[in-house]
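Biologist: I am new to reading protein models, and I would love some help. Could you take me through this one step by step?

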Amino acid sequence: MTENNSKPKSEDKNLLALQRTHMAAERTFQATLRTGFAIAGAGTVIVTILGQNWPEWLSLLLAGVFIVVGYTMIIIMLERYQKTVNNLRVDHDLDVMSPRYAIVLTITLQVALAIVLGLVLFDLFTLPTPFDG
């Protein structure tokens, strides 16, 4: 005797495909977060390294471009991820975690990075160097 499952196999396959879609969206979101933070961090490194040899305005401009590009990537991907998860939750009735945790984590990390960047820039341009005499 065989057991009768309440769901046909085609529904199980559909559920698995939706779950894989959610996991793929989450992996893509996390990879974009890492990339965005790395790009924004590169802006800080540019100020630190080039700020001593190049004109101050140029190093700050390059750093600003890197930081804006990094954060823009994060914000765009956050919106896309949220749209994908909401689509899976509403249209397909898939029980997935809300992207709110990712939003809170992203905002917290951005604020922390902005504070560190502000401190680095403040120290870099206000502390006397050995060449100041």
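Modeller: Happily; here are some questions and answers about the structure above.

Modeller: This is a predicted model, so local features need pLDDT of at least 70, side-chain atom pairs count only at pLDDT 80 or more, and totals for chains, interfaces and linings use all residues. Residues are numbered from 1 along each chain as its sequence is written, and side-chain values use heavy atoms, with hydrogens and water left out.

Biologist: In what order do the elements of the protein chain run from the N terminus on?

Modeller: Helices (H or I, at least four residues) and strands (E, at least two) are DSSP runs, numbered from the N terminus. The protein chain has three helices and zero strands. From the N terminus on, the order is α-α-α.

Biologist: What span would be expected for helix α2 at 1.5 Å a residue?

Modeller: The expected span of a helix is 1.5 Å times one less than its number of residues. Helix α2 covers residues 56-90, which is 35 residues. From its first C-alpha to its last it reaches 50 Å, close to the expected 51 Å.

Biologist: What percentage of the residues in the protein chain are buried?

Modeller: Buried means under 20% relative accessible area, exposed over 50%, and partly exposed in between (1.4 Å probe, protein chains only). In α2, the buried residues include S59, A63, I67 and L88. Of the 133 residues in the protein chain, the buried share is 26%.

Biologist: Which helix gives the largest share of the largest nonpolar core?

Modeller: A nonpolar core is a set of buried Ala, Val, Leu, Ile, Met, Phe, Trp, Tyr and Cys residues joined through side-chain atoms within 4.5 Å. The largest one has 13 residues, and F29, L33, F37, Y71, I74 and Y81 touch the most other members. At least two residues of this core come from each of α1 (9-50), α2 and α3 (100-126). The largest share, seven residues, is supplied by α2.

Biologist: Why does the one aromatic pair count as stacked, rather than edge-to-face or tilted?

Modeller: Rings of Phe, Tyr and Trp (its six-membered ring) pair if their centres lie within 6.5 Å; planes under 30 degrees apart count as stacked, over 60 as edge-to-face and the rest as tilted. A search of the whole structure finds one such pair. It links F29 in helix α1 with Y81 in helix α2, 52 residues apart. Their ring centres are 4.7 Å apart, and the pair is stacked because the planes meet at 10°.

Biologist: Is G70 buried or exposed?

Modeller: G70 lies in helix α2. Its C-alpha is 8.7 Å from that of L33, although the two are 37 residues apart in sequence. G70 has a relative accessible area of 0%, so G70 is buried.

Biologist: What is the relative accessible area of Y71?

Modeller: Y71 is found in helix α2. The C-alpha atoms of Y71 and I39 are 8.5 Å apart in space, with their places 32 residues apart in sequence. Y71 is buried because its relative accessible area is 17%.

Biologist: How is I107 classed by its relative accessibility?

Modeller: I107 lies in helix α3. Its C-alpha is separated by 9.9 Å from that of I75, 32 residues apart along the chain. At 46% relative accessibility, I107 counts as partly exposed.
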